[in-house]
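Hi,

Here is the structure I promised to pass on. Have a look at it first, and then read my notes underneath.

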Amino acid sequence: MENVLTPGGRALKHEAVREYVRDLVAGRHPGAPAPSERELVSRFGVARMTVRQALDALVAEGLLERVPGRGTFVAPPRRTATPVLSFREEMTARGMVPESQTLALRLEQAGAGVARALSISEGDAVVHWRRLRHADGAAMSVEDVYLNEVLLPGFLQGPVPSSLYDELAGRGLRPTWVEDAIGAGLASDDEARLLGLPVGTAVLRKQRRGLWQEKVIEVSRSVCRADRYMVRVNLGGSD
């Protein structure tokens, strides 16, 4: 193949190899073999490192996958994760009117559990924001969110944000991936009072760890009314 060199607008060598492989495997079914590194080295007359760079880019895109000991193949399509939604966005999507009441907003020292979840050291400064969340005028959950103070300079000096995720988005830190863990529990005295429940009523307890790229941005713990809060999960299966 000609014109795989660079200057004057021609493609770089690894880009030429990458686009050749992309065109070659387009439309092939998952599991179909991609050309080997040896084949591509021979065809283009380039170094193996150049070929590997091209294939690495296609693997990162999700077009190809490497199987150790076997080779490189067309990858199955990546599944799209459910969008990361704030409480406000989630309730709005359900056709409900969300509201929040700030119960506490202060600087604290991270305890062992919060520090571990935020990937910081115990005793480091964290912003603790406690809110009572409502939907359609009814108490829905009590939420305690902890944020790494180092990532949010001036957070406590300005007005209380109307939306945490909007505030994080404005700083370029809105979580793009979250890990939620949900379990059952019984309402404590304080939780029952805030949620308008008898003490000991069954509730849902949700823990969230929100990440932007590989950085942990938020850790939260929510206590939700089990009679009002519904957890919706999209699942898929394999044959």
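Below is what I found, going from the pocket to a helix pair, then the loops and two strand residues. One thing to keep in mind throughout: this is a predicted model.

**The pocket**

I'll start with the second largest pocket, since you may want to look at that before anything else. Its volume comes out at about 360 Å³. There are 28 residues in the lining, and those closest to the centre are Ser86, Phe87, Arg131, Arg133 and Glu143. By type, the lining splits into eleven nonpolar, eight polar and nine charged residues.

Where does the lining of the second largest pocket come from? At least two residues each are supplied by helix 4 (87-93), strand 3 (98-109), strand 4, strand 5, helix 6, strand 7 (202-212) and strand 8 (215-225). For your selections, strand 4 covers 125-135, while strand 5 is 138-148 and helix 6 is 164-170.

**A helix pair**

Next, helix 2 (residues 37-44) and helix 3 (residues 48-61). Their axes come within 9 Å and cross at roughly 120°, and the crossing is right-handed. On the helix 2 side the contact is made by Glu37, Arg38, Leu40 and Val41, and on the helix 3 side by Arg48, Val51, Arg52 and Leu55. Sorted by type, that contact has four nonpolar residues, four charged ones and no polar ones.

**The loop between helix 5 and strand 4**

I ended up with three residues to report from this loop, which joins helix 5 (112-118) to strand 4 (125-135).

- Ser119 sits in this loop and has a phi near 60°, a positive value in a residue that isn't glycine. Its relative accessible area is 55%, so Ser119 is exposed, the cut-off being over 50%.
- Ser121 is in the loop too, but is partly exposed, with a relative accessible area of 44%. Leaving aside neighbours within four places in sequence, Ser121 is in contact with Ala110 and Ala115. From Ser121 to Val67, which is 54 residues away along the chain, the C-alpha separation is 38 Å.
- Glu122 also belongs to this loop, and at a relative accessible area of 61% it is exposed. With neighbours within four places set aside, Glu122 is in contact with Ala110, Gly111, Ala112 and Ala115. Glu122 and Ala110 are twelve residues apart in sequence, and their C-alpha atoms are 5.4 Å apart.

**Other loop residues**

Asp136 is in the loop between strand 4 and strand 5. Like Ser119, this residue has a positive phi without being a glycine: the value is about 55° for Asp136 and near 60° for Ser119. Is Asp136 buried, partly exposed or exposed? At 48% relative accessibility, Asp136 counts as partly exposed, because that class runs between 20% and 50%.

Ser162 lies in the loop between strand 5 (138-148) and helix 6 (164-170). With 71% relative accessibility, Ser162 is exposed. The C-alpha atoms of Ser162 and Arg88 are separated by 9.8 Å, with their positions 74 residues apart along the chain.

Gly200 is in the loop between helix 7 (189-195) and strand 7, and is partly exposed at 34% relative accessibility. Outside the four places on either side in sequence, Gly200 is in contact with Leu186 and Ala187. Gly200 and Ser220 are 20 residues apart in sequence and 22 Å apart in space, C-alpha to C-alpha.

**Two buried residues in strands**

Which class does Thr72 fall into? Thr72 is in strand 2 (residues 71-74), and its relative accessibility is 14%; buried means under 20%, so Thr72 counts as buried. Not counting residues up to four places away, Thr72 touches Pro33, Ala34, Leu64, Glu65 and Arg66.

Arg225 is in strand 8. Arg225 is a charged residue by type, and it is buried, with a relative accessible area of 8%. Its contacts, leaving aside neighbours within four places in sequence, are Ala139, Met140, Leu195, Gly196 and Leu197.

Over to you!

Note on methods
Residues numbered from 1 in each chain as written. Predicted model: local features only at pLDDT ≥ 70, side-chain atom pairs only at ≥ 80, totals over all residues. Heavy atoms only, no water. Axes fitted to C-alpha atoms, helices over the stretch in contact; angles between N-to-C directions. Helix = DSSP H or I, 4+ residues; strand = E, 2+ residues; numbered from the N terminus. Left-handed = near helix turned anticlockwise from the far one by under 90°. Contact = heavy atoms within 4.5 Å. Buried < 20%, exposed > 50% of the residue type's maximum accessible area, 1.4 Å probe, protein only. 1 Å grid on protein atoms, 1.4 Å probe; cavity = no way out; pocket = protein on both sides within 12 Å on 5 of 7 lines; lining within 4 Å. Points joined across faces, edges and corners; volume = space filled by probe spheres on them.
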